[in-house]
Amino acid sequence: MHTVRIPKIINFGKDALSQTEYPRNALIVTTVPPELSDKWTSKMGIKDFMLYDKVTPEPSIEDVNAVISQFRDKDPSVLIGLGGGSSMDVVKYAAPEMKKEKILIPTTFGTGAEMTTYCVLKFEGKKKLLREDRFLADMAVVDSYFMDGTPEQVIKNSVCDACAQATEGYDSKIGNDMTRTLCKQAFDILYAAIMEDRPEDYPYGSMLSGMGFGNCSTTLGHALSYVFSNEGVPHGYSLSSCTTVAHKHNRSVFYDRFKEAMEKLGFDRLELKADVSEAADVVMTDRGHLDPNPIPISKGDVVKCLEDIKAGNL
Ligand SMILES: [Zn+2]
């Protein structure tokens with residue numbers, strides 16, 4: 001048997017944001033200042049809502065507890081996470097604690113977080129990746145409206161992450177026929193959108209990628225990327241090289257098209273300050289990504305991949 005979990009309702013496409021009906025007395029959770037949230041809420045057409053905009057970037061369980069203690073007695077009809085990963089992660093955790101349903105509205109794209117049971121929060125200063133069924137959205141609203149005004153570099157990094165997640169997810173050993181269908185369709189849409197300059201299709205492709213990899217896993221490319229993340233390299237950017245090299249190593253069916261899409265987007269070569277052998281030791285501890293990789297990976301394989309990345313030998 002296989003199980004695939006996705007939100008009960010998914011509203012997506014042009015005008016999804018304004019055509020969705022939002023219940024009265026909802027609590028909107030966001031990180032952005034009133035100038036921006038005012039613009040978004042009037043576009044949504046939402047009435048009689050409460051707003052909490054004090055979520056800190058890279059939020060902690062304290063942010064969750066602040067929402068709960070401030071709003072439990074006000075009995076909101078539903079919690080709405082409006083923003084990037086930070087706002088959505090706080091709502092993912094807080095809503096089930098308050099026994100409320102949740103609506104997730106991503107204003108950035110790439111991670112597909114609105115589709116997944118993942119939640120990243122800090123506990124005692126340390127980031128933890130949690131995965132529980134109760135973190136899944138009851139409704140997700142995906143609209144390319146928010147891409148307007150997003151810096152070019154951020155869009156490039158985000159679509160790279162979505163491509164990496166879709167293709168690594170397709171290759172994951174813990175995937176099934178349905179996750180592969182979703183991941184393949186996600187990459188086909190993202191690839192066409194990149195090659196034919198249709199960025200407005202990125203959020204939809206990213207959403208499909210989240211539905212696919214969120215029900216299996218990513219693999220070697222993501223495992224390699226975290227040693228670059230540790231040196232401050234943006235997640236999506238690090239995957240431009242890491243996932244390409246991983247696909248070459250795994251002989252993935254996506255290698256050629258993935259590489260072609262990355263070349264079209266245009267990324268600089270990655271640098272690694274850490275010693276390659278020490279970095280490889282760190283990568284080898286990441287069993288969550290290496291165990292589902294389609295072929296077994298040795299430390300020697302990781303060293304070879306890291307050296308290829310450093311040399312730009314993709
Ligand atoms: Zn990722």
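This report looks at helix α10 and the helices packed around it in a predicted model.

**The helix and its two sides**

Let's start with α10 itself, which spans residues 255-265. Three of its residues, F258, A261 and M262, are buried. They take up an arc of only 100° around the axis, so they end up on the same side of α10. Flip to the other side and you'll find D256, E263 and K264, which are exposed. What sits over the buried residues? The cover includes α5 (152-171), α6 (177-195) and α9. Just past the end of α10, G266 adopts a positive phi of about 80°.

**How the neighbours pack**

Two packed helices are described by the angle between their axes and the distance between the axes. Here is how that works out for the three partners of α10.

| Pair | Angle | Axis distance |
|---|---|---|
| α9 and α10 | about 160° | 9 Å |
| α5 and α10 | roughly 175° | within 11 Å |
| α6 and α10 | about 35° | 9 Å |

**α9 against α10**

Helix α9 covers residues 235-250 and packs on α10 at about 160°. With angles over 145° counting as roughly antiparallel, α9 and α10 are therefore roughly antiparallel to each other. The crossing of α9 past α10 is left-handed. On the α9 side, S240, T243, T244, H247 and K248 make the contact, while α10 brings in Y255, F258, K259 and M262. Sorted by class, that contact holds three nonpolar, four polar and two charged residues.

**α5 against α10**

Now for α5, whose axis crosses that of α10 at roughly 175°. That angle makes α5 roughly antiparallel to α10 as well. From α5 come K156, C160, C163 and T167, and they meet F258, A261, M262 and L265 of α10. This contact splits into six nonpolar residues, one polar and one charged. The buried F258, A261 and M262 thus turn up again here, in the contact with α5.

**α6 against α10**

The last partner is α6, with its axis 9 Å from that of α10. Helix α6 also passes α10 in a left-handed crossing. Its residues Y191, I194 and M195 meet R257, A261, K264 and L265 of α10. Which classes make up this contact? It has five nonpolar and two charged residues, with no polar ones. One of the α10 residues here, A261, is buried, whereas K264 is exposed.

Notes. Residues numbered from 1 in each chain as written. Predicted model: local features only at pLDDT ≥ 70, side-chain atom pairs only at ≥ 80, totals over all residues. Axes fitted to C-alpha atoms, helices over the stretch in contact; angles between N-to-C directions. Helix = DSSP H or I, 4+ residues; strand = E, 2+ residues; numbered from the N terminus. Parallel < 35°, antiparallel > 145°, perpendicular 65-115°, else oblique. Left-handed = near helix turned anticlockwise from the far one by under 90°. Contact = placed C-beta atoms within 7 Å. Nonpolar A, V, L, I, M, F, W, Y, C, P; charged D, E, K, R; others polar. Buried ≥ 20, exposed ≤ 12 C-beta atoms within 10 Å, placed from the backbone. Arc of directions from axis to C-beta.
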